[in-house]
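Hi,

Here is the structure I said I would pass on. Have a look at it first, and then read my notes underneath.

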Amino acid sequence: MGIEQIIFYVFAALTLLSALMVITAKNPIQAALSLVLTFFLAAGIWLILEAEFLAITLVLVYVGAVMVLFLFVVMMLDINMAQLRAGFIRYLPVGLAVAILLAVLLVMAVGPAHFGLAQFAEPARHAADYSNVRELGRVMYTVYVYPFEIASVILLVAIIAAIALTLRRRPATKRQDPVEQIKVKRDDRLRIVKMKSESKK
């Protein structure tokens, strides 16, 4: 067993342990931090597989953006931990059954009988000047250029639809017009009424 396999098994074991801590932690902050650790360990596995771009993207996007949002939402919410723990115990048998089923399916799909060096040749090693980003861009914009363009058009349509749904006028919604607000003068908002003073006897 080479040093790379040892590093891979260490990272894989730590990834499974941290993922287990995500669903078993009693504190939601600890669960979110365990998920951050899981992302870092998964990025380490990507680095072992010479997928540097995916590893950096995983850290920047999920750890740097998504998990910060998760932590912000979790810290802002008032979560009832007793109710969550009660639900965890209640659905534990169902969760264990689903986990065992998924494990069996994974072994059937990528087990030693269907996935390994005996069935697939070992990937060729790349030189030190090999750029994972350049190779990914070359494949994306040559082999998969049409699916990439179709996906971009679909996302553009989704963005336009979201904007249209947000800006549509509803009769019961109160809207403000900045132009009309700027045109407002003092006399339009303030009316001074002069009254005679009255004295109490």
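Below is what turned up, starting with the pocket and ending with a charged pair.

One thing to keep in mind as you read: this is a predicted model.

The pocket first. The largest one holds about 1,100 Å³ of space. It is lined by 24 residues, and those closest to its centre are Phe8, Leu49, Phe115, Leu117 and Pro123. If you want to find your way around it by helix, look at H1 (3-24), H2 (28-48) and H5 (92-110), each of which supplies at least two residues of the lining. H1 gives the most, with 4 residues. As for the character of the lining, 16 of its residues are nonpolar, 4 are polar and 4 are charged.

Now the charged pair. In general, side chains of opposite charge can pair when their charged atoms come close. How many salt bridges does the count come to here? The count is 1 salt bridge. It joins Glu135 to Arg138, with 2.6 Å between the closest N and O atoms. The two partners sit in helix H6 (residues 132-140), and because they are 3 residues apart there, about one helical turn separates them.

Are these two side chains buried or exposed? The answer lies in between: Glu135 has 28% relative accessibility, so it counts as partly exposed. Arg138, at 44%, also counts as partly exposed, since that class covers whatever falls between the under 20% of buried and the over 50% of exposed.

That's the tour, so enjoy looking around.

Cheers

Key. Residues are numbered from 1 along each chain as its sequence is written. This is a predicted model: local features need pLDDT of at least 70, side-chain atom pairs count only at pLDDT 80 or more; totals for chains, interfaces and linings use all residues. Side-chain values use heavy atoms; hydrogens and water are left out. A salt bridge is a side-chain nitrogen of Lys or Arg within 4 Å of a carboxyl oxygen of Asp or Glu. Buried means under 20% relative accessible area, exposed over 50%, partly exposed in between (1.4 Å probe, protein chains only). On a 1 Å grid over the protein atoms alone, a cavity is a set of points where a 1.4 Å probe fits but cannot get out, and a pocket is an open set with protein on both sides within 12 Å along at least five of seven lines; lining residues have an atom within 4 Å of a point. Grid points are joined across faces, edges and corners, and a volume is the space filled by probe spheres set on the points. Ala, Val, Leu, Ile, Met, Phe, Trp, Tyr, Cys and Pro count as nonpolar, Asp, Glu, Lys and Arg as charged, and the others, Gly among them, as polar.
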